[in-house]
Amino acid sequence: GISIAGLRQLLRYAPCWNIRNCPPEKRKDCSAWKAAERAREGD
């Protein structure tokens, strides 16, 4: 089994759009999505 604290720790490494079914129209206002786009552009 895994504890709630352990689960929270694991979820910190997964992008929110992989956890929730976030529609593209909401992603454009999502700060995490924007940060990930900036990181991808920097690669």
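The largest nonpolar core of this predicted model consists of 5 residues, namely Trp-17, Cys-22, Cys-30, Trp-33 and Ala-36. One member of this core, Cys-22, was examined for contacts beyond its neighbours within four places in sequence; on that basis Cys-22 touches Trp-17 and Arg-27. Trp-17 is thus listed both as a core residue and as a contact of Cys-22. Over the chain as a whole, 12% of the 43 residues are classed as buried.

The secondary structure amounts to 4 helices, with 0 strands. In sequence order the elements give the pattern α-α-α-α. The C-alpha trace extends over about 35 × 25 × 10 Å along its principal axes.

Confidence was assessed for the chain and for its elements. The mean pLDDT of the chain is 82, and 98% of the residues have a value of 70 or more. Among the elements, the highest mean, 87, belongs to helix α1, which covers residues 4-11. The lowest mean, 72, is that of helix α2, made up of residues 16-19.

Two residues, Leu-11 and Pro-15, were considered individually. Leu-11 is part of helix α1. Its relative accessibility is 40%, so Leu-11 is classed as partly exposed, given that this class lies between the buried limit of under 20% and the exposed limit of over 50%. Leu-11 and Ala-32 are 21 residues apart along the chain, and their C-alpha atoms are separated by 14 Å.

Pro-15 is located in the loop that lies between α1 and α2. With a relative accessible area of 29%, Pro-15 likewise counts as partly exposed. The partner considered for Pro-15 was Ala-36, which lies 21 residues apart from Pro-15 in sequence; the C-alpha to C-alpha separation of this pair is 8.8 Å. Ala-36 also belongs to the largest nonpolar core.

Surface and charge were computed for the whole chain. The accessible surface is about 3900 Å², and carbon and sulfur atoms contribute 54% of that area. The chain carries 9 positive and 5 negative charges. The mean position of the positive charges and that of the negative charges are 9 Å apart.

Notes. Residues are numbered from 1 along each chain as its sequence is written. This is a predicted model: local features need pLDDT of at least 70, side-chain atom pairs count only at pLDDT 80 or more; totals for chains, interfaces and linings use all residues. Side-chain values use heavy atoms; hydrogens and water are left out. Buried means under 20% relative accessible area, exposed over 50%, partly exposed in between (1.4 Å probe, protein chains only). Accessible areas come from the Shrake-Rupley method with a 1.4 Å probe; for residues, only the protein chains shown count as cover. Lys and Arg count as positive and Asp and Glu as negative; His and the chain ends are not counted. The place of a charge is taken as NZ of Lys, CZ of Arg, CG of Asp or CD of Glu. A nonpolar core is a set of buried Ala, Val, Leu, Ile, Met, Phe, Trp, Tyr and Cys residues joined through side-chain atoms within 4.5 Å. Contact means heavy atoms within 4.5 Å. pLDDT is the predictor's confidence in each residue, from 0 to 100.
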